[in-house]
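User: I would like to go through this model and ask, for each label put on it, what that label rests on.

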Amino acid sequence: MTARRLVNGALYSVALPVLLLAAWAASPLFATNRFFPPPSRVAEAFVKTWLNESFVVDVLPSLGRLAFGILISIVLGIAVGALIGSFRHLRSFSEPVLEFFRAVPPPVLIPVLAILLGINDQMKVAVIVSGGIWPVLLNAIEGVRGIDPIMRETSRSYALGPVTRLFSVVLPGAAPQIMTGVRQCLSVSLILMVISEMFNSSSGLGYRISYFQANYLIAEMWSGILLLGLVGVTLSVLFQIAERIVLSWYHGLKEVERA
């Protein structure tokens, strides 16, 4: 039964993409638009554009900056969020500042970060972190704040130390909400990776897509968008695997409740 369910799930997952590709391939039969090339032309441009030295020069550095920015966002977001969420007075003290900086769109910080850090990889990673950290941080604060008070009192009654309490009670209890923030962080970070490479840059996925657009290389531009979509799908799959591992106990409880 499990194997059959997996097969059905896989079929449902690919059904809509297949239908969309079929509709895309059939669209030239009804109307032609040079800004919307057929899939065969985009696939050809994808192979010629990305499956060569551009993969090393543009794609891998972009993915490296993306991974580094996501890692910093997650680590800082969880650490600071757990600290703020654990103390009511610290939450009240920091909330106005957090709300102010959260409301600032990260793209407008690019000129500021370029002046402070220079136009380099550190600046691009900083742009990613400036937006990616907020979903993790805010969800960590709310997750820690929402932990059952009985669990807190029980951990104190057993005289658990602060570190033990953090890793055995606080973080596990807040993990479902933290993982929600991590999911949002992935999509925000991918967007900011592209934006950070579109300004004052000479390499990277964002730069290449912007270059193709400016020079009316339409199929190549779409191939870059396709590559970004594949990166997003890969991040989603990796997140689902990580979530299953981190929240295995949580999903087990849900299965018991449904049973």
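Analyst: A natural place to begin is a helix pair: Arg41, Val42, Ala45, Phe46, Thr49 and Trp50 of α2 meet Ala219, Glu220, Trp222, Ser223, Gly224, Leu226, Leu227 and Leu230 of α10, where contact means heavy atoms within 4.5 Å. The residues of this contact divide into 9 nonpolar, 3 polar and 2 charged, with Ala, Val, Leu, Ile, Met, Phe, Trp, Tyr, Cys and Pro counted as nonpolar, Asp, Glu, Lys and Arg as charged, and the others, Gly among them, as polar. This is a predicted model, in which local features need pLDDT of at least 70 and side-chain atom pairs count only at pLDDT 80 or more, while totals for chains, interfaces and linings use all residues. Residues are numbered from 1 along each chain as its sequence is written, and side-chain values use heavy atoms, with hydrogens and water left out.

User: What makes α2 roughly perpendicular to α10?

Analyst: Their axes come within 8 Å and cross at roughly 80°. The class roughly perpendicular runs from 65 to 115 degrees, whereas under 35 counts as roughly parallel, over 145 as roughly antiparallel and the rest as oblique; α2 is therefore roughly perpendicular to α10. The axes are lines fitted to C-alpha atoms, for helices over the stretch in contact, and angles run from 0 to 180 degrees between N-to-C directions.

User: How do you know that the span of α10 agrees with its number of residues?

Analyst: The expected span is 1.5 Å times one less than the number of residues, so the 29 residues of α10 should span 42 Å, and its end C-alpha atoms are indeed 42 Å apart. Helices here are DSSP runs (H or I, at least four residues), numbered from the N terminus.

User: Why is Tyr216 called exposed?

Analyst: Its relative accessible area is 55%, and exposed means over 50%, buried under 20% and partly exposed in between (1.4 Å probe, protein chains only). Tyr216 is found in the loop between α9 and α10, and it has a positive phi of about 55° although it is not a glycine. Most residues other than glycine have a negative phi.

User: What makes a set of residues a nonpolar core, and how many residues has the largest one?

Analyst: The term requires buried Ala, Val, Leu, Ile, Met, Phe, Trp, Tyr and Cys residues joined through side-chain atoms within 4.5 Å. The largest such core has 39 residues, and those with the most contacts inside it are Trp50, Leu66, Met193, Leu205 and Leu228. Its largest share, 13 residues, comes from α8. Leu228 touches Leu190, Met193, Val194, Leu205 and Ile209, leaving aside residues up to four places away in sequence.

Notes: Helices (H or I, at least four residues) and strands (E, at least two) are DSSP runs, numbered from the N terminus.
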